[in-house]
Amino acid sequence: MSEQNYNFKEIELKWQKRWEKEKVFKAAEDLTKKKYYLLEMFPYPSGKIHMGHVRNYTIGDVLARFKRMQGYNVLHPMGWDAFGLPAENAAIKHGVHPARWTMDNISYMKKQLKMLGLSYDWEREIATCHPEYYKWSQWIFIKMLEKGLVYRKKGFVNWCDSCRTVLANEQVEGGLCWRCESVVTQKELEGWFLKITDYAEELLAGCEKLSSGWNERVLTMQKNWIGKSYGAEVDFPVEDLNKAIKIFTTRQDTLFGATFMCMSPEHPLVSEIIKGTGYEGVVRQFASEISREDKRMRVAADIEKKGIFTGRHAINPMNGEKIQIWLANFVLIEYGTGAIMSVPAHDQRDFEFAKKYNLPIRIVIMPKQIFNSELQTLNSKLLKEAFIGEGYLVNSGQFNGLDSREARDKIGNYLNDKGIGKKTVNYRLRDWGISRQRYWGTPIPVIYCERCGIVPIPYEDLPVILPTDIDFPPDGKSPLVNNDKFIKINCPKCKGEARQETDTMDTFICSSWYFLRYTSPRFEDYPVNKEASAYWMPVDQYIGGIEHAVLHLLYARFFTKFLKDTGVVETDEPFTNLLTQGMVVKDGAKMSKSKGNVVDPDDIIDKYGADTARLFILFTSPPEKDLDWSDQGVEGAYRFLNRVWRLVTSQESEKIPNSQLRKITHLTIKKVTEDIEERFHFNTAISAIMEFVNALYQIQGSGVRGQGSEVNSEFREAINTLIILLSPFVPHIAEEMWEMMGNKGNLIKEPWPSYDPKFIKSEEITIVVQINGKVRGRIMAGADIDEEGIKKAVLSDEKIKEWIAGKEIKKLVVVPKKLVSIVV
RNA sequence: GCCGGGGUGGCGGAAUUGGUAGACGCAAGGGACUUAAAAUCCCUCGGCGGGCAACUGCCGUGUCGGUUCGAGUCCGACCCUCGGCACCA
């Protein structure tokens, strides 16, 4: 490495130490100042930070520093999402205690973050595995229990055999485990659920409020996930059984066409329905076969439809018709009521099923064109596929002739009146299963007492401490299950013998409220200090990866709404603005060990320094887009910093008169400010700075080199401005240059410059001349020229005259100060 | 299938409200400096054509059409691509 290059190692360490010593990033409530809460998603301490983290945190740091310089009281905290399976897996594999593993990782990663020069208030650091933190996760759990939002249920749940634990619906991606990508199966298990569905409507409605600050993509994903649909629930009485099967449909206009019905193999009424039919054996076998199939196979859209007749019939409540009850593999227990009415003429799945098993098909909706024609011949026998569109009702008793939309309304009312069903709204969103059959997580604060049943731990006894003296049993079970010290507990109510719950909470609980805890991280009376959260919340800008679009971001909204309803906080939406940054890729693929395309941040920092790493990442791509890593691009960023360094350090004694200097300076201020503030387009902000530097070099080169000691004050001013504008992006080198310029005090405390419109006003402007839509010339004119003046100037221009010579001007458009368009 | 991004030079990207397409950077080529190299500095750099030259003409933002004096930008149809959801009743 050449000696001419600046010494980033020394400089970066120097300023990191100084910022830390002077506590320049410490945040405190100050009602006289406007607050700005900037947050990046906290990392899981997996070992080392990766380039995705570097990008995420660099973007955040630019904004934090920028806002700070603009005079905002900035809260910019960092912490650790410290519970989770990898710690436990490391323990099993390498014999390290999960706590030890986690804490070691935290301390290494913290060092790495500090080396990047990130402006965090480290005094607010939290780790979710600390009892002082998870105590409050438990507190919130009990609050939810009190409010009836927590319940225990036995049912079919998503099971990952590799992680040996249950997964929430949100954590199953395409039938695979979100963490380890193993196939997920259904397993009947008892566990704890949070009633996020109680908030479905609010969470959906909130999406509208967020539309100005969240990107469309995330909101659409959340809306789809919540999956609201309007329809009706209808009870189909079962023949010879004092029971009814409840179905959900969005097409109650097709009720008369329901010629059979299908239940999910997991439906709780199955065993009752098959009792005494003589079909019990085969049906049971079918049901258990289907249940045992992979979730992935189950949900693949093109899998063959399979079913079996239960031997029992139901009554279509609209026409009293006796219809067969089947079990079908495509009916999902987790959607709607777990049972459907089958209308083969108007639903493609039902159609295929009916064709396969020879079940009756009856048309009850006529397409409008056919209905209006003489023929009216949509024939069920000739039907090649279901007609799923809207039309007019036929074969539907008193509802014949109505159009679908009207019929849905009228039939809905009829169901209400007759007490056979009701209009309803259905959500795809399911309750959140939070029980994890693992060790390294927040203990669920309830006990089982033989006399009192399930009893929550009293608030004053929290936290329920996760024991650390544990051994991992060879059977793969949680070390808590047989840990007598942990399990044996006296019932808080009757003081008798009781058993502590051994499931731990889903780690997504920890991250559902950490942003609140940052506002008062050491508060001892409640999860959050209400005054502190009232001052800081909501988060003004949240930054993180899109992969959490429906996981963390939905859960966090749910928790915030709940805590608002409980009176703990005043905020109802936690994140006003959300920026989802793209991935860091190399050679067209996500960085991964298996592809061998991983770039280690440590190596980059060692070779080029943090400022270069930051600059490259910010300059190469706008934040939302994927960033293609390029070693040559990094070189380029480093080259630029050295170029700036030379510019600043070499302006020894020059007198440089230049009339454009101040204008360029202020234009750059304007461009950089607007690009950061309004668009987060750091790449174009940096390119404007690069142009500025290029211009300064030119001006310097054209200057009169003299022996004197006077440095032109405007040039000096320009250099100082350049340093300030660079500082959010490359803070270390900027501070160093600031100091070298003889400025007093930390650059970080310098106010962000504002531009003066009077300097950026041009006296001369360029008017583009188009003839028949093609650019044919440019003319210079005074900035205050009026429309007539422009016309005159254009028409008297020699070149333009040539183009229009001998032709008639048919039209002439003048765009003030910009352009003239002539049609000949 | 549904929903949402996106398609601009060799590459990353710019063009913010319909008004000079390709800023800035990377790569490449040429030159200066050097014994030589590195570093640095200067020049060229969308395609095709014309000119000794300062220059200049035509074409060009996935495809086809439309609106407009003027379209990368707006409208319609289509193609490709990435992402999400998906037997959702």
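This report walks through a predicted model, from the whole chain down to a sheet and a pair of helices.

## The chain as a whole

Welcome to chain A, which holds 28 helices and 36 strands. Its C-alpha trace spans about 110 × 85 × 50 Å along the principal axes.

Of the 824 residues in chain A, 55% are buried. The accessible surface comes to about 37200 Å², and carbon and sulfur atoms account for 49% of that. Among contacts with a separation of 6 or more, 73% link residues 24 or more positions apart.

## A four-stranded sheet

One spot to visit is an open sheet of 4 strands, ordered β22-β21-β24-β23, with antiparallel pairing. At its edges lie β22 (453–456) and β23 (488–490), each of which pairs on one side only. From one strand to the next, the twist averages 40 degrees.

Within this sheet, strand β21 (residues 446–449) runs antiparallel to strand β24 (residues 497–500), and 3 bridges join them. If you look at C449, you will find A498 of β24 standing opposite.

## Two helices side by side

Further along the chain, look for helix α21 (residues 631–649) and helix α25 (residues 731–740), whose axes come within 10 Å and cross at roughly 10 degrees. Angles under 35 degrees count as roughly parallel, so α21 and α25 are roughly parallel to each other.

On the α21 side, the contact is made by L641, V644, W645, V648 and T649, while α25 contributes I733, E736, M737 and M740. Sorted by kind, the residues of this contact comprise 7 nonpolar, 1 polar and 1 charged.

Methods. Residues numbered from 1 in each chain as written. Chains lettered and ligands numbered in written order. Predicted model: local features only at pLDDT ≥ 70, side-chain atom pairs only at ≥ 80, totals over all residues. Heavy atoms only, no water. Pairing = 2+ DSSP bridges. Axes fitted to C-alpha atoms, helices over the stretch in contact; angles between N-to-C directions. Parallel < 35°, antiparallel > 145°, perpendicular 65-115°, else oblique. Contact = heavy atoms within 4.5 Å. Nonpolar A, V, L, I, M, F, W, Y, C, P; charged D, E, K, R; others polar. Buried < 20%, exposed > 50% of the residue type's maximum accessible area, 1.4 Å probe, protein only. Areas by Shrake-Rupley, 256 points an atom, 1.4 Å probe, with all protein chains shown as cover.
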